[in-house]
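Reader: Please take me through the packed helices and the buried residues around them. Keep it brisk, and explain each term as you go.

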Amino acid sequence: MFTNIICIGDSLTRGESGGSQSVQLATNYPFYFSKLTGATCYNGGLSGRTTKQWWDEFGSAITGFANYDCAVIYLGTNGGLTDTVETDCDVDYTQNADTNTGCYGKIIGKIKADAPNCKIFCVAGPSEYLNRDSTMNPAVRHLASFYDVGLIDLSGCLMDDNGTTTSVERYLYRPIDGIHYNRLGYMTLANMIYDSMSDFMSKHLTMYDD
């Protein structure tokens, strides 16, 4: 359905391997997502950035959102998000608060303004020991609803772990530092995003009938 996708995020989108000798893996999730969708995927991941930092460094200046027909936003691991959408966000994104949550809304708002036909998906991440279910995911769900965009909810997925360094999930997908993925992890992340996106679209056909 899509031909040009922008993947917005931090090191988990960029494809960092993690640890003191971290390198960017060419086999990151946008790489695998491109293979799954057949689309060109631009990797807009900026390592170590909060949502506000991503917006300040990249989002507010970009002029190329109009080039994309799909955007996948996976931000909030760094710095978290607060479920203060009603106070931090406005239909006019330029009026949003200068917070992580407000800047997440600014990203959505700018994409909508620059590329009205671009389909946007917000990612609620796996709820492993980083505890995104309290620091990130409720706000992501609220933002998706507030701006009437797609939601990719990975909470409770197979990559969750129980918070211990010896969990099977950590060993399989995040062996270096428990946060960043190996190749299997990035491939699995891409597959789950793809499946969740497809499922959401099938249940909300009227949002994608143009």
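Author: What follows is a walk through helix packing, buried residues, cysteines and one loop residue.

This is a predicted model, in which local features need pLDDT of at least 70 and side-chain atom pairs count only at pLDDT 80 or more, while totals for chains, interfaces and linings use all residues. Residues are numbered from 1 along each chain as its sequence is written, and side-chain values use heavy atoms, with hydrogens and water left out.

Start with the helix pairs. Two packed helices are described by the angle between their axes and the distance between the axes. Helices here are DSSP runs of H or I with at least four residues, strands are runs of E with at least two, and numbering goes from the N terminus. Axes are lines fitted to C-alpha atoms, for helices over the stretch in contact, and angles run from 0 to 180 degrees between N-to-C directions.

Take α2 (residues 29-37) and α9 (residues 183-203). Their axes lie 8 Å apart, and the helices pack at about 45°. That angle makes α2 oblique to α9. The cut-offs are these: under 35 degrees is roughly parallel, over 145 roughly antiparallel, 65 to 115 roughly perpendicular, and the rest oblique. The crossing of α2 past α9 is right-handed. Right-handed means that the near helix is turned clockwise from the far one by less than a right angle; anticlockwise gives left-handed.

Who touches whom? Contact means heavy atoms within 4.5 Å. From α2 come Tyr 29, Tyr 32, Phe 33, Leu 36 and Thr 37. They meet a set in α9 that includes Arg 183, Tyr 186, Met 187, Leu 189 and Tyr 194. By class, this contact has 11 nonpolar, two polar and one charged residues. Nonpolar covers Ala, Val, Leu, Ile, Met, Phe, Trp, Tyr, Cys and Pro; charged covers Asp, Glu, Lys and Arg; the others, Gly among them, are polar.

Now α3 (residues 51-59) and α5 (residues 100-114). Their axes come within 7 Å and cross at roughly 40°. That makes α3 oblique to α5. Here α3 passes α5 in a left-handed crossing. On the α3 side the contact uses Thr 51, Lys 52, Trp 54, Trp 55 and Gly 59. On the α5 side stand Asn 100, Cys 103, Tyr 104, Lys 106, Ile 107 and Lys 110. The classes are five nonpolar, three polar and three charged.

Stay with α5 for a glycine. Gly 105 is found in this helix. Gly 105 is buried, at a relative accessible area of 0%. Buried means under 20% relative accessible area, exposed over 50%, and partly exposed in between (1.4 Å probe, protein chains only). Beyond four places in sequence, Gly 105 touches Cys 89, Tyr 93, Asn 96, Leu 143 and Tyr 147. Its C-alpha atom is 8.9 Å from that of Val 91, which is 14 residues away along the chain.

Leu 143 turns up again with Val 85. Val 85 sits in α4 (residues 85-88). Its relative accessible area is 0%, so Val 85 is buried. Contacts past four places in sequence are Thr 101, Ala 139, His 142, Leu 143 and Phe 146.

Next, the cysteines. How many disulfides does the structure hold? Zero. A disulfide is a pair of cysteine sulfur atoms within 2.5 Å. Cys 89, a contact of Gly 105, is buried at 7% relative accessibility. Its sulfur is 9.2 Å from the closest cysteine sulfur, in Cys 103, too far for a bond. Cys 7 is buried at 0%. Its closest cysteine sulfur is in Cys 41, at 4.7 Å, which is too far for a bond.

Cys 7 has other partners. Gly 44, in strand β2 (residues 40-45), contacts Cys 7, Ile 8, Gly 9 and Trp 54, leaving aside neighbours within four places. Gly 44 is buried at 4%. Thr 13, in α1 (residues 11-14), is buried at 0%. Outside four places in sequence, its contacts include Cys 7, Ile 8, Tyr 29, Gly 45 and Tyr 74.

Finish on a loop. Asp 148 lies between α7 (137-146) and β5 (150-153). At 54% relative accessibility, Asp 148 counts as exposed. Most residues other than glycine have a negative phi. Asp 148 has a positive phi of about 55°, although it is not a glycine.
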